[in-house]
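Okay, thanks everyone for squeezing in. I'll put the model up on the screen and we can walk through it together.

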There are 2 protein chains.
Amino acid sequence: MTVTIYDVAREANVSMATVSRVVNANQNVKPATRKKVLKVIEELGYRPNAVARGLASKKTTTVGVIIPDISNSMYAELARGIEDIATMYRYNIILSNSDQNENKELQLLETMLGKQVDGIVFMSDVISSELLYEMQRSPTPIVLAGSIDESAAIASVNIDYYGAAYEVVKKFIDNGHKKIAFVSGPFTSRINKAYKLKAYREALADAGIEFDENLVVECNNTYDEGIEAAKTLAAFEPTAYFVSNDEMSIGVLHGLGELGKTIPEDAEVISYENSKLARMARPTLTSVAFPLYDIGAVSMRLLTKYMNDEEIEEKQVILPYRIEERQSTKQE
Amino acid sequence: MTVTIYDVAREANVSMATVSRVVNANQNVKPATRKKVLKVIEELGYRPNAVARGLASKKTTTVGVIIPDISNSMYAELARGIEDIATMYRYNIILSNSDQNENKELQLLETMLGKQVDGIVFMSDVISSELLYEMQRSPTPIVLAGSIDESAAIASVNIDYYGAAYEVVKKFIDNGHKKIAFVSGPFTSRINKAYKLKAYREALADAGIEFDENLVVECNNTYDEGIEAAKTLAAFEPTAYFVSNDEMSIGVLHGLGELGKTIPEDAEVISYENSKLARMARPTLTSVAFPLYDIGAVSMRLLTKYMNDEEIEEKQVILPYRIEERQSTKQE
DNA sequence: TTGAAAGCGCTAACAG
DNA sequence: CTGTTAGCGCTTTCAA
């Protein structure tokens, strides 16, 4: 029924090995033979079976990608970065959503290893010790994308979360703000708690401003919670808002709008993400550019190095960030 | 090195077949034997090799998904729908971006068939005849998600694009509008040209309103082009705008705002997508709810039926749409 | 430059 | 309920 390498070999009067060489662009084939084989392949409509190839060669040219949720634009951007580089190196991607559920993550890891992927790109706000343990004993290389593993045991690609947050708060302080709100994503995420919040506190401390826990709101990264946060914070009259992502920032903008505040005159807002939403907000959002696409791309590139046993210069890659100035902050 | 089914069989003093039965939850195994095998599996850390399994069984429990661009929220939503149902049926997904490039689409199809996927979900605005030809001779079932194949040769899941567009225009007409603009996506897409535009023309004709080509703008579905379109159209003073997606609608809203127009008093706007952006716009957007997630989910479900040789009631599925009323149209 | 042959790790009859 | 035995379609030594 389906035509196999054997059929091609028979028709072309050569051995399977020769057909295999032709298909794999091996140089050790006489041009005339190659041509003859190619012709038969064409005639028969032969299509190499990647599964059989994978079993024999122990390489599937497929990598696993485990992310929280592809319908969230941040992760979608990351996924696109991963896929583009994967395609460039001729890998395909098995994509799965974990919803940040640890059991699902463990199970996905297991499934992908079972499918013999050549490597895995993993993203999650929190890497439990069990997950870390499993990753370390993985027979296949793993790269963390935009995720922190405190032990630095697993390769990863991130930006300087602390530095970016510190710079934002410092900027507010330099502009004369004393009451600076921090509308954060969940503190279960190490990035939010051990990096951004820490930077927030230390930037305040370095400027001699006392930390006020009323000015910090932990949210679930949604638009509605951004609106809520703005209203909750109103009682404490902050004049500057540092918000963890664009969607929530728009929520803050709208919440503030409902309270009659004008941005940036009454309060300045700096977001953290810089997706296309930042330009679609009114006023447009000043935002820390969090390069998700690049993180994905670099993660995948790093993974190819592991898969090819290339030398790794740095296992923990830190990408640059920048702050994109727009209308939600005052321009000098 | 890696532990195989043979190692387990030897340790447990049973045959490979028995181990296979245990692993595949086959009932024909004595509980005691099962337990013994399970224990050895645990001890040895045996993990079934899905590639070998795929070669032997001719099933990979993997389906291919070919979409234009995962970083576009519409397709991301679709992908999530597909993945959720796939997971439910224990399939994994190989996800690839085609960027609507026909050669890439053909090549991806080829690659996925080579990888022996059990089925494919495909999405593209235009299905060329060559693509159609390849799909028809695919040894593996294919379902089109949110894509039109005029010949109806391939199974598909869509909504009634014509009906939805007709209803929007009719609604505008009933509200007394005479100059109704249509800000469309590319007319290379059959959905835009043969369904939406057709409905727009026919709704006007049915109401005795003459078609004015100046009121139709073909765009590339982006925010910036939405702004542009609003400005271009201004010369013809439309009082109603039917826009092809949320991002572009927000562009129109902002373009109109810059021209000093108030929505919905000066002009009404109805979008087509109803993503979360619709609620984040100001004013919030009335929008045709285009159920991408559902289209993905139903496509995948339909695909499982083909993969399991279940009976198919309808090959061309049409899902319902509805119009979500918000502030960009006048409320009665 | 080419071929023969031995697997890769598993499933699926078939037999008992 | 369990074991034996062929493959699945390809890569990869090893020889020639």
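Let's start at A:Ala240, which touches A:Phe172, A:His177, A:Lys179, A:Ile180, A:Ala181 and A:Glu268, if you leave out residues up to four places away in sequence. Before I go on, keep in mind that this is a predicted model.

So where does A:Ala240 sit? Its place is in strand 8 of chain A, residues 240-243. Buried or exposed? A:Ala240 counts as buried, because its relative accessible area is 0%, and the cut-off for buried is under 20%. To give you a feeling for distance, take A:Val19 as the other end: A:Ala240 and A:Val19 are 221 residues apart in sequence, and C-alpha to C-alpha they are 68 Å apart in space.

Now hang on to A:Glu268, one of the residues that A:Ala240 touches, since A:Glu268 also turns up among the contacts of A:Ser328. A:Ser328 is in the segment after strand 12 of chain A, and that strand runs 322-324. With 0% relative accessibility, A:Ser328 is buried as well. What does A:Ser328 touch, not counting residues up to four places away in sequence? There's one set of contacts with A:Ile263, A:Pro264, A:Ala267, A:Glu268 and A:Val269, and then another with A:Pro283, A:Thr284, A:Leu285 and A:Thr286.

Okay, over to the DNA. I'll take strand D to begin with.

There are 27 residues around DNA strand D, and the ones that come nearest are A:Ile5, A:Ser20 and A:Tyr46 from chain A, plus B:Arg21 and B:Thr33 from chain B. Of the strand D atoms that come within 4 Å of the protein, 60% belong to sugar and phosphate. Let me pick out some polar contacts. On the phosphate side, A:Asn49 has a polar backbone atom 3.0 Å from a phosphate oxygen of DNA strand D, and A:Arg53 has a side-chain N or O atom 3.1 Å from a phosphate oxygen of that strand. On the base side, look at B:Arg21, where a polar side-chain atom lies 2.5 Å from a base oxygen of DNA strand D.

Which elements give two or more residues to the surface near strand D? They are helix 2 (16-23) and helix 4 (50-57), from chain A and from chain B. Helix 4 of chain A has the largest share there, with four residues. By class, that surface near strand D breaks down into 12 nonpolar, 11 polar and four charged residues.

Right, strand C. DNA strand C is surrounded by 27 residues, with A:Thr18, A:Arg21, A:Thr33, B:Ile5 and B:Tyr46 the closest. Here sugar and phosphate make up 61% of the strand C atoms that come within 4 Å of the protein. For a base contact, go to A:Ala56, whose polar backbone atom is 3.3 Å from a base oxygen of DNA strand C. For phosphate, there's A:Lys58, with a polar side-chain atom 3.0 Å from a phosphate oxygen of strand C, and B:Asn24, with a polar side-chain atom 3.2 Å from a phosphate oxygen of strand C.

Helix 2 and helix 4 of chain A and of chain B are the elements that give two or more residues to the surface near strand C. This time the largest share, four residues, comes from helix 4 of chain B. The classes near strand C are 12 nonpolar, 11 polar and four charged residues.

Last stop, the contact between the two protein chains. Chain A puts in 44 residues and chain B puts in 44 residues. Together they bury about 4,200 Å², and 52% of that is on carbon and sulfur atoms. B:Arg47, B:Arg80 and B:Met280 supply 17% of the area that chain B buries against chain A, more than any other three residues.

How many salt bridges are there between chain B and chain A? The count is 10, and one to zoom in on joins the side chains of B:Asp224 and A:Arg279, at 2.5 Å from N to O. The interface also has 28 residue pairs in polar contact, both residues at pLDDT 80 or more. On the chain B side, the elements that each supply at least two residues include helix 5 (73-88), strand 2 (92-97) and helix 10 (223-234). Strand 2 of chain B gives the largest share of that side, six residues. By class, the side of chain B that touches chain A has 18 nonpolar, 13 polar and 13 charged residues.

That's my tour, thanks.

Terms used:
Residues are numbered from 1 along each chain as its sequence is written. Chains are lettered from A and ligands numbered from 1 in the order in which they are written. This is a predicted model: local features need pLDDT of at least 70, side-chain atom pairs count only at pLDDT 80 or more; totals for chains, interfaces and linings use all residues. Side-chain values use heavy atoms; hydrogens and water are left out. Buried means under 20% relative accessible area, exposed over 50%, partly exposed in between (1.4 Å probe, protein chains only). Contact means heavy atoms within 4.5 Å. A residue is near a molecule or strand if one of its heavy atoms lies within 4 Å of it. A polar contact is a pair of N or O atoms within 3.5 Å; within protein, one must be able to donate a hydrogen and the other to accept it, and residues adjacent in sequence count only if both atoms are side-chain atoms. Ala, Val, Leu, Ile, Met, Phe, Trp, Tyr, Cys and Pro count as nonpolar, Asp, Glu, Lys and Arg as charged, and the others, Gly among them, as polar. Buried area is the accessible area (1.4 Å probe) that two parts lose on being put together, summed over both. A salt bridge is a side-chain nitrogen of Lys or Arg within 4 Å of a carboxyl oxygen of Asp or Glu.
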